[in-house]
Amino acid sequence: DEQLVATDISPITWRKLASRWNRGIARPGKGVDGSVKTHSIRLKKTAEGKPPGYFVEQIED
């Protein structure tokens, strides 16, 4: 027995919209880590022995 309240309108509207216009799960764009496993910078650096991290390395000029 579920009861809806006024604040439920936003998630309900989103679910209806997503259900109607469903186009599947989006693929990562070109050049994004993990878009193609053989080109992933993260996996390349992990294979070289560097642990994966959150922060990006600064490239020196």
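This report describes a predicted model of a protein chain, moving from the whole chain to two of its residues.

The protein chain has 61 residues, of which 2% count as buried, and it contains 2 helices and 0 strands. The surface that the chain exposes comes to about 6900 Å², and carbon and sulfur atoms supply 56% of this area.

Helix 1 covers residues 9–20, and from its first C-alpha to its last it reaches 16 Å, which is close to the 16 Å expected for a helix of 12 residues at 1.5 Å a residue. Because the number of buried residues among the 12 of helix 1 is 0, this helix lies largely in the open. One of the residues in helix 1 is L17, and together with W14 and W21 this leucine makes a nonpolar surface patch of about 420 Å².

A second residue to follow is E57, which is found in the segment after helix 2, the helix that spans 41–47. When neighbours within four places in sequence are left aside, E57 is in contact with K45 and K50.

The table sets out the accessibility of the two residues.

| Residue | Place | Relative accessible area | Class |
|---|---|---|---|
| L17 | helix 1 (residues 9–20) | 44% | partly exposed |
| E57 | segment after helix 2 (41–47) | 44% | partly exposed |

Why does L17 count as partly exposed? Its relative accessible area is 44%, and the class of partly exposed residues lies between under 20%, which means buried, and over 50%, which means exposed.

Definitions and conventions: Residues are numbered from 1 along each chain as its sequence is written. This is a predicted model: local features need pLDDT of at least 70, side-chain atom pairs count only at pLDDT 80 or more; totals for chains, interfaces and linings use all residues. Side-chain values use heavy atoms; hydrogens and water are left out. Patches are made of residues with over 30% relative accessible area and no salt bridge: like charges are joined within 9 Å, nonpolar side chains (Val, Leu, Ile, Met, Phe, Trp, Tyr) within 5 Å. Accessible areas come from the Shrake-Rupley method with a 1.4 Å probe; for residues, only the protein chains shown count as cover. A salt bridge is a side-chain nitrogen of Lys or Arg within 4 Å of a carboxyl oxygen of Asp or Glu. Helices (H or I, at least four residues) and strands (E, at least two) are DSSP runs, numbered from the N terminus. Buried means under 20% relative accessible area, exposed over 50%, partly exposed in between (1.4 Å probe, protein chains only). The expected span of a helix is 1.5 Å times one less than its number of residues. Contact means heavy atoms within 4.5 Å.
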